[in-house]
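Visitor: Please take a close look at one residue and its surroundings, and then place that part among the strands and aromatic rings elsewhere in the chain.

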Amino acid sequence: MQIIKNFCALLLVLFASTHQFTFAQTIEGEPDSVVKTLNNFSGDKQLVIGGINISGNKKTKPYIILREATFKVGDTLSLQSLTEKIQRSKEYIYNTTLFVDDSVYVSSVRHDSVFINIVVKERWYFFPLPYLRPVDRNINQWLSQGAGLDRVNYGIKLTHNNFSGQNDKLNIWFITGYNQQVSLRYNLPFIDKALTKGIDVGFTLSRQHEINYATSLNNQQLFLKLTDQFARHLTRFDATYSYRPDQRQRHYFRISYTNDKIADTVFQTNPNYYPDGRKEINYIDFLYAYRYINTNYLYYPTKGLLLEGSVYKRGLNKTTDLWQLSIHGLYAKTISPKTYAIIESAASVRFANTNNFYSQSLFGYGNYQMRGLEYYVADGTAGAITRFTIGHELFKYIFHTPIIKTKTHDKIPFRFFLTAYTDVGYSYNPYVNNNLLNNKFLYTYGIGLDIVSIYDFVLRLNFSFNQMGENGLYLHARNDF
């Protein structure tokens with residue numbers, strides 16, 4: 001037990017240095033008398049919701065919480081339907097990422113009317129945090145590059161995740177080190193009385209001394225570092241309009257403007273970095289994306305369905321013209337109270353007028369990560385990946401922290417899952433035919449340990465094997481530290 005305690009303390013230090021910090025808190029539930037009363041009702045008994053009481057929300061507006069509930073005052077529901085809607089509402093409220101915990105339960109019964117309590121424990125929302133993060137795609141890639149501080153970004157993030165109590169987010173970043181970046185972003189999920197429409201606007205200005213200018217024939221990233229000048233400059237503005245008709249569905253319409261340019265040395269090293277052999281490109285792009293979210297926990301689902309699809313259009317002329325169609329889906333099923341299975345798939349296809357490095361990043365980025373191929377990338381114009389995972393919860397552990405002595409901020413839960421997995425994929429590249437991974441069936445497999453805690457903290461320790469006979473221990477964390 002002492003070993004577990006010490007390990008959790010170590011995780012806590014890691015977690016505190018990389019995430020906005022908060023603690024688990026105890027939440028009340030249904031009174032025993034109410035449980036007994038409800039148990040006396042038949043399954044087809046019709047109940048009317050007589051009232052909803054919300055507590056614990058010091059910052060969050062009540063209507064933001066009610067927006068996630070699947071019931072309202074005056075609804076007439078069967079006991080079974082009421083039970084299902086209460087559980088769904090608890091999951092939706094938690095997935096707002098506004099709370100460290102929440103509880104939704106029947107507080108009292110009067111004749112045919114039920115009264116519901118929604119109790120939440122809010123996260124800490126404002127953080128002027130120091131920023132320290134490797135620039136590589138994952139931790140292992142950073143280690144393979146020497147784990148030097150010269151490949152780390154550092155600075156300060158001014159983040160407010162509930163700026164006006166409407167689940168609106170304000171981010172101001174001042175980053176230097178490997179890259180230099182200033183960015184400003186504001187997201188307001190609801191701008192109308194119906195709570196269905198929202199906006200997101202952002203600006204980024206960045207420059208960097210080192211650039212990934214090409215991919216080698218053995219599917220390794222190739223870098224060029226300039227000490228006396230910046231290798232790349234990027235300026236970007238974007239605005240997104242969102243539409244959310246219900247708790248599960250989201251539509252996004254984004255328009256953005258980008259100015260991107262490379263140094264002469266980069267161009268001489270790879271004249272085919274940008275389309276048509278250019279050193280600088282300017283373009284407007286458009287994106288429509290759809291998301292369907294119906295999982296018990298967004299960042300570590302063990303039950304439910306998630307679907308995503310998008311259509312992307314870049315550029316208004318032949319030089320920068322590109323279309324991309326993408327889909328992504330995840331289905332998680334609970335096999336037993338502590339065991340789950342997940343199948344996750346993604347596919348993408350691009351249509352461009354010219355062959356250039358700027359338009360071909362695919363495997364090794366975003367949803368196209370194969371466990372066991374962390375050191376490799378596979379550029380392409382089309383690709384697909386499927387990941388199979390079976391997980392079993394080994395145990396839970398509550399760490400009693402001595403850091404803060406309060407009744408509501410003194411416990412941090414950790415959940416430990418043993419996993420087994422296999423990934424398969426294919427990256428199609430019509431321009432490259434003599435490397436390790438492109439235009440070939442890819443597969444990996446392995447076992448892992450997942451550690452889940454508050455603030456959506458997920459640490460994955462995977463021991464993986466790939467088709468080339470390689471194996472190793474790989475680390476992943478949400479936000480990659």
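Guide: The side chain of E393 makes a polar contact with the side chain of R415, at 3.0 Å. The model is a predicted one, and the distances below are computed from it. E393 belongs to strand 18, which covers residues 382-400. With a relative accessible area of 6%, E393 is buried, because the cut-off for that label is under 20%. Leaving aside residues up to four places away in sequence, E393 touches K338, R415, F416 and F417. R415 is thus named twice for E393, once as a residue it touches and once as its side-chain polar partner. Another residue to place relative to E393 is Y340: the two are 53 residues apart in sequence, while their C-alpha atoms are 8.8 Å apart in space.

Strand 17 runs over residues 339-352 and pairs with strand 16 in the antiparallel sense, over 14 bridges. A hairpin of two residues makes the connection from strand 16 to strand 17. Within this pairing, H328 stands opposite A346 of strand 17. Strand 16, residues 322-336, also pairs with strand 15, residues 304-314; that pairing is antiparallel too and has 11 bridges. There, G304 has A332 of strand 16 as its bridge partner. In a regular strand, side chains alternate between the two faces of the sheet.

The aromatic rings give another view of the chain. A search of the whole structure finds 19 aromatic pairs. One of them joins F203 and F237, with ring centres 4.9 Å apart and planes at 35 degrees, a tilted arrangement. F203 lies in strand 9 (residues 197-208) and F237 in strand 12 (residues 232-243), so this pair ties together parts that are 34 residues apart in sequence. Both rings belong to partly exposed residues: the relative accessible area is 27% for F203 and 41% for F237. Elsewhere, Y273, Y274, F357 and Y358 form one aromatic cluster.

Two arginines lie over ring faces. R110 is placed over the face of F115, 4.4 Å from the ring centre. R314 lies over the face of Y283, at 5.6 Å from the ring centre. Returning to the starting point, E393 is buried and its side chain has a polar contact with that of R415.

How values were computed:
Residues numbered from 1 in each chain as written. Predicted model: local features only at pLDDT ≥ 70, side-chain atom pairs only at ≥ 80, totals over all residues. Heavy atoms only, no water. Phe/Tyr/Trp six-rings, centres within 6.5 Å; stacked < 30°, edge-to-face > 60°. Helix = DSSP H or I, 4+ residues; strand = E, 2+ residues; numbered from the N terminus. Buried < 20%, exposed > 50% of the residue type's maximum accessible area, 1.4 Å probe, protein only. Lys NZ or Arg CZ within 6 Å of the ring centre and 35° of its normal. Pairing = 2+ DSSP bridges. Contact = heavy atoms within 4.5 Å. Polar contact = N/O pair within 3.5 Å; in protein donor to acceptor, adjacent residues only side chain to side chain.
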